[in-house]
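Q: Please take a close look at the salt bridges of this model, with attention to the burial of the residues that form them. A connected account with explicit cut-offs would be appreciated.

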Amino acid sequence: MQRPAILGGPRSVPDAKPVWPKIDAATLQEIERVLTTEPLCPVGNTGIQGEFENRFAAFHGRNFALATNGGTAALMLSVHGSGVQPGDEVIVSPFTWGASISCALQCGGIPIFADIQRSTFALDPDAVRAVISERTRAIVVVHLFGGPANLNALRGIADEHGIALIEDCAQAAGGWYDGQRLGTIGDFGAFSLQASKNLTGGEGGILICDDREMFERAMSMGTHPQRLFAELTLPEFQQRIDSLAFNYRMHTTSAAIAKGQLDHLDQWTDMRNDNAAKLYDAVKNFDFLEIPEIPNQTSTSKHAFYHMPFIYRPGVLPIDRDLFCRALSAEGMTAEPYVRIPFHLRPRIQNHDYFGRGYPWSLADSPPRYQRGDCPVAEEICEVEFQIKDPLHEECSDVVAGMVEAFRKIENAAEAIAAAASEVVEFDLAERTKGWD
Ligand SMILES: Cc1ncc(COP(=O)(O)O)c(C=O)c1O
C-alpha cells in the first residue's frame, strides 16, 4: 500500500500545475500601455474600461455592460436596477457566497430562501414557486461552481409573476444554457472578475443587461455624475444625477487584464470541461463519492467549471469529509467544502442583524423567521459537499491522473488515516507507517 501524503508519503499531484491567473506578455504590455497613456480614473464608457464594457456586452449579445469594482457591486446594482425597493422580498439561495444574498439586503430587500436542487446546487424552481408572494420583486439565481441553473423554469416563473431574474454569474463566465451564454437569460447577469474567477481582472466585476430603463437605474446608483450626465437618457434618472451614488468604478488595470482574457475564455472553458469529464469518469466508481448529475450538460449547455463539485457519502470510509479533504489537499490539490452553514441558519440572518435595528426586516408587517428544515436539500448538501478548486483550464492529463491516484491512495489508507487522526498525543509517523512504500 502506498503511503498517503497526509501520513508523510510523496504527493500524487505534480507540482507543475496550470497557473492561474494567466498574465501573459500581451497582458503585461496592455497594462503598461494603459498605465502610461490613459487616465487612471476613467469616469465613462471610455478608454480601456469602455473597450472592455463594449466587448463584454457584444460577447454576450447584450445591449449594455457596466464595469464595477467587484462582483458584489455588480450584483447590488443589478438588484437596484431591477426595481427592488426597501421592504420588497427577494428570493435567494441558502447555498452560495454571501454576496448573492447581501445584494438584496443592501437594497433594503428582505431575503426569502428557497431550496436548491441536489444536481445543480442552484435554486429549485418548485421551491421558488412555493415562496413567491405578492411582495416578491426579484429572484437571484446563482450558477454555482459554474454549473447552469434551471433557467428556463426560473425565467418562466419570473415572467409569470412580473418579477426580475438576476443571474449571479460570479463563478460562471464561459458557461452556456440552452444555446445562450450564462448571464443573458436573466434581466441582469452579474459577474465577478476577482483573481480566482474564470475571467479575471485581479479584482472587478461587470453587469450586463438588455433593458435601457433597468440599466440606467442600475448605473445611476453606482458611478460618477460625470458619466451619468454623459450616458443617462431617461428623464426619470437624469433628474436624480448627483454624487450621492456609490462609487463602484473599476480600476483601469482590471479592465486591461480582463479584456484580453475574453479571447481565451471559450477555449479555457472547453479545457476545464475536458479535464472535469476525465476526472469525474475516473473516480465515478468510488463508493464514497457521488458525482453530481450536471443535468444541463448538453450540446447547447455547458458547465463553466470554476470549481468541480463532489458529494462525499458519509459512513463509507472511516474518515469524515473534512479529513478526507485534508488528505486530498496534502496530495497537492485543493479540496474543501464550500458552504458549511446554509445562510438561512446563520446568526446574522436568523437575528435580523445586518445594518442594525432589524433593517430591512423591520419594514415587513410580519418579518420572515428562518428555520432548520426550510431548505432541507441545502442543509444536507452543506454536510456532504466538497469541491476541487485547482485551475484546470489547460491540458494537464498528468495532474488529473495524479488526482485520481490521490483518491485511490486515500481510499486504501483510510483506516490508517483515521487511526492517526484519532491519536491525541504526538506519534511517530515514520514508525507507524513503516513498510508502506
Ligand atoms: C457566487 C458569488 N457571487 C458573488 C461573488 C462576489 O464577487 P466579488 O468577490 O468580486 O465581489 C462571489 C465571489 O466569490 C461569488 O462566488
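A: The following account treats the salt bridges and the burial of the residues involved. The model is predicted, so local features need pLDDT of at least 70 and side-chain atom pairs count only at pLDDT 80 or more, while totals for chains, interfaces and linings use all residues. Residues are numbered from 1 along each chain as its sequence is written, and side-chain values use heavy atoms, with hydrogens and water left out.

A search of the whole structure finds 29 salt bridges, a salt bridge being a side-chain nitrogen of Lys or Arg within 4 Å of a carboxyl oxygen of Asp or Glu. One of them joins aspartate 88 to arginine 137, with the closest N and O atoms 3.5 Å apart. This pair links distant parts of the chain, 49 residues apart: aspartate 88 belongs to the loop between helix 3 (71-81) and strand 2 (89-92), and arginine 137 to strand 4 (residues 136-142). Helices (H or I, at least four residues) and strands (E, at least two) are DSSP runs, numbered from the N terminus. Aspartate 88 counts as buried because its relative accessibility is 16%, whereas arginine 137, at 34%, is partly exposed. Here buried means under 20% relative accessible area, exposed over 50%, and partly exposed in between (1.4 Å probe, protein chains only).

Arginine 135 forms a salt bridge with glutamate 89, the separation of the closest N and O atoms being 3.0 Å. Since arginine 135 lies in the loop between helix 5 (125-131) and strand 4, and glutamate 89 in strand 2, the pair ties together parts that are 46 residues apart in sequence. Arginine 135 is partly exposed, with a relative accessible area of 42%, and glutamate 89 is buried at 8%. Arginine 135 also forms a salt bridge with glutamate 134, whose closest N and O atoms are 3.2 Å apart. Glutamate 134 is exposed, its relative accessible area being 70%.

Elsewhere, a network of salt bridges links Glu30, Arg33, Glu38, Glu51 and Lys259. Within this network, glutamate 38 is found in the loop between helix 1 (25-37) and helix 2 (47-60). Glutamate 38 counts as buried because its relative accessibility is 15%. Leaving aside residues up to four places away in sequence, glutamate 38 touches Arg33, Gly47 and Ile48, where contact means heavy atoms within 4.5 Å.
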